[in-house]
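Please find below my notes on the model, set out as numbered points for discussion. They are best read with the sequence and the coordinates open alongside.

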Amino acid sequence: MGTTGRRPGAYICGIDAAMDVIGGKWKVLILWALNERPCRFGELRRELPGVTEKVLASQLREMEADGLVHREAYDEVPPRVEYSLTPRGVSLNEALEPLGAWGKANVLGGSPAPGQVREDDHVALIAGGP
């Protein structure tokens, strides 16, 4: 699948286009969860606490339309549906890895709060010390 059906001609750059595809709170988290393994709808819901059924279904439909997610419906009783990443979804996850590393380094494990010192900070712990 080459292009999405989003805003043809309205993009300023590649980042703008990519952000349109992954926009919203849940899409990158869905990508992350499906990167681990294919999941059924209920499994995804448990992996993403706080997402409503309606929003998850909507986001999955959009991601399927964008060629990021594959929906496999099995002809079984009870019905079973699994979601997995397409090669395009895998490549998007790979493109997001540096962003995740940045978030880990600069937000999650970033600078300590004022007045706090981490173990690996090379500063004198006693005023006037070496």
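1. I begin with the hairpin, which is formed by strands E2 and E3 with five residues between them. The model is a predicted one, and the remarks on this hairpin, like those that follow, should be read with that in mind. E2 (69-74) and E3 (80-85) run antiparallel and are joined by six bridges. Within this pairing, Glu72 stands opposite Glu82 in E3, a pair of positions that a reader may wish to inspect on screen.

2. The loop of the hairpin deserves a separate look, for Pro78 lies there, between E2 and E3, and the peptide bond that joins Val77 to Pro78 is cis, with an omega of about -5 degrees. As a general matter, most peptide bonds are trans.

3. The remaining strand, E1 (residues 39-40), pairs with E3 in the antiparallel sense over two bridges, and Cys39 stands opposite Tyr83 in E3. Taken together, the three strands make an open sheet with the order E1-E3-E2 and antiparallel pairing. E1 and E2 stand at the edges with a single partner strand each, so one side of each is left without a neighbour in the sheet.

4. How many helices and strands does the protein chain have, and in what order do its elements run? There are five helices and three strands, and from the N terminus on the elements follow the pattern α-α-β-α-α-β-β-α. Of the contacts in the chain with a separation of 6 or more, 42% are accounted for by residues 24 or more positions apart.

5. On burial over the whole chain, buried residues make up 24% of the 130 residues. The accessible surface comes to about 9,200 Å², and 58% of this surface belongs to carbon and sulfur atoms.

6. In helix H1 (residues 14-22), the buried residues are Asp20, Val21 and Ile22, and the buried residues of this helix pack against H2 and H5. Just after H1, Gly24 takes a positive phi of about 105 degrees. For comparison, most residues other than glycine have a negative phi.

7. Leu68, in the loop between helix H4 (53-65) and E2, is another position that I would examine. Is this residue buried or exposed? With a relative accessibility of 3%, Leu68 falls under the 20% cut-off and therefore counts as buried. Leaving aside its neighbours within four places in sequence, Leu68 is in contact with Val21, Met63, Ser84, Leu85, Thr86, Arg88, Gly89 and Leu92. One of these residues, Gly89, is 21 residues apart from Leu68 in sequence, while the two C-alpha atoms are 4.0 Å apart in space.

8. Two residues of helix H4 may be set side by side, namely Gln59 and Ala57. Gln59 has a relative accessibility of 10% and counts as buried, whereas Ala57, with a relative accessible area of 21%, is partly exposed. The assignment rests on a limit of 20% relative accessible area, under which a residue is buried. Beyond its neighbours within four places in sequence, Gln59 is in contact with Gly23, Trp26, Lys27 and Ile30. As for Ala57, its C-alpha atom and that of Arg45 are separated by 9.8 Å, the two residues being twelve residues apart along the chain.

9. Finally, the largest pocket has a volume of about 420 Å³, and its lining consists of Val28, Leu29, Trp32, Asn35, Glu36, Asn93, Leu96, Glu97, Leu99, Gly100 and Gly103. Which element gives the most to this lining? Helix H5 does, with six residues, and both helix H2 (27-36) and helix H5 (87-108) supply at least two residues each. By class, the lining has five nonpolar, four polar and two charged residues. H2 and H5 thus appear twice in this note, as helices that supply residues to the lining of the largest pocket and as the helices against which the buried residues of H1 pack.

Terms used: Residues numbered from 1 in each chain as written. Predicted model: local features only at pLDDT ≥ 70, side-chain atom pairs only at ≥ 80, totals over all residues. Heavy atoms only, no water. 1 Å grid on protein atoms, 1.4 Å probe; cavity = no way out; pocket = protein on both sides within 12 Å on 5 of 7 lines; lining within 4 Å. Points joined across faces, edges and corners; volume = space filled by probe spheres on them. Helix = DSSP H or I, 4+ residues; strand = E, 2+ residues; numbered from the N terminus. Nonpolar A, V, L, I, M, F, W, Y, C, P; charged D, E, K, R; others polar. Pairing = 2+ DSSP bridges. Buried < 20%, exposed > 50% of the residue type's maximum accessible area, 1.4 Å probe, protein only. Contact = heavy atoms within 4.5 Å. Areas by Shrake-Rupley, 256 points an atom, 1.4 Å probe, with all protein chains shown as cover.
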